[in-house]
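Trainee: I would like to go through this model by question and answer. Please show it first.

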Amino acid sequence: MGKLQSIDISAVVEEMASAGFGHLEESILQCSDCALREGATNPVIMKGSRNPRVLFIGEAPGRTEDMTGIPFSGRAGKKLDEMIGYMGLSAGDYAVINAVKCRPPNNRKPLKGEIELCRPFLMAQIKMLDPQVIILLGNTAEEAFCRSKKLEWGIPKVSGGISILKIYHPAAMIYQRSRIEEQKTLIDTNRYLWE
Ligand code: URA
């Protein structure tokens, strides 16, 4: 799949999305296109509904996620759960995925090339999950989805009929406590998107 990056990925995305969840999962598990797979215990694919109204996109698995194979199952996951509770979403309303499926060493930010190589999986997941709202959790999710920085914090844009909103990554709530209130404001001003 890596070699196809230099040409249009839309055909690959289309093919993966039409092959179904099981096939996509298998492709992610089999992938060794970048060096991250060597250091990872488990590629981390998704959690939540397969028919979500809201899709959260994070950065990459951390240590806990690498062990469990479940996105946001560690400390940042607790913060994400609190945030989702504050948004008023129920289990069937949302799904959670990451821009990059394998854990980068020492939780470093994924490299541009790693994001690019994983992007067909991300775009196929979005196509299959077909959400009404995509919530990008931080700058890496934005870079992966938009291929550059295009969004302002908390200001939604509509693309292909989907509302795209960038808010803070849940880990920011751990390291910068002042972000908690700021995040609540970003959520409050955008509630109409999912309510
Ligand atoms: N941070 C992320 O961006 N994703 C996870 O799954 C866990 C922590």
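Trainee: Of the contacts in the protein with a separation of 6 or more, what percentage comes from residues 24 or more positions apart?
Mentor: This is a predicted model, in which local features need pLDDT of at least 70, side-chain atom pairs count only at pLDDT 80 or more, and totals for chains, interfaces and linings use all residues. Residues are numbered from 1 along each chain as its sequence is written. Two residues are in contact if their C-beta atoms, placed from the backbone, lie within 7 Å. Of the contacts with a separation of 6 or more, residues 24 or more positions apart account for 75%.

Trainee: What is the radius of gyration of the protein?
Mentor: The radius is taken over C-alpha atoms, and the globule rule is 2.2 Å times the number of residues to the power 0.38. For 195 residues a compact globule would come near 16 Å, and the protein agrees with its 16 Å.

Trainee: In what order do the six strands of the open sheet stand?
Mentor: Strands (E, at least two residues) and helices (H or I, at least four) are DSSP runs, numbered from the N terminus. Two strands pair if DSSP finds at least two bridges between them. The pairing in this sheet is mixed: β2 (residues 54–58) and β3 (residues 94–98) are parallel over five bridges, while β5 (residues 157–159) and β6 are antiparallel over three. The order is β1-β3-β2-β4-β6-β5.

Trainee: Which strands stand at the edges, each with a single partner strand?
Mentor: An edge strand has one side left without a neighbour in the sheet, because it has a single partner strand. Those strands are β1 (47–48) and β5.

Trainee: Which residue in β6 is the bridge partner of Ile135?
Mentor: β4 (residues 133–137) and β6 (residues 162–167) pair in the parallel sense over five bridges. In β6, the partner of Ile135 is Leu165.

Trainee: Which helix gives the largest share of the largest nonpolar core?
Mentor: Such a core is a set of buried Ala, Val, Leu, Ile, Met, Phe, Trp, Tyr and Cys residues joined through C-beta atoms within 7 Å; buried means 20 or more other C-beta atoms within 10 Å of a residue's own, with C-beta atoms placed from the backbone. The largest one has 47 residues, and Ile135 and Leu136 are among those with the most contacts inside it. Its largest share, seven residues, comes from helix α6 (residues 112–129).

Definitions and conventions. Buried ≥ 20, exposed ≤ 12 C-beta atoms within 10 Å, placed from the backbone.
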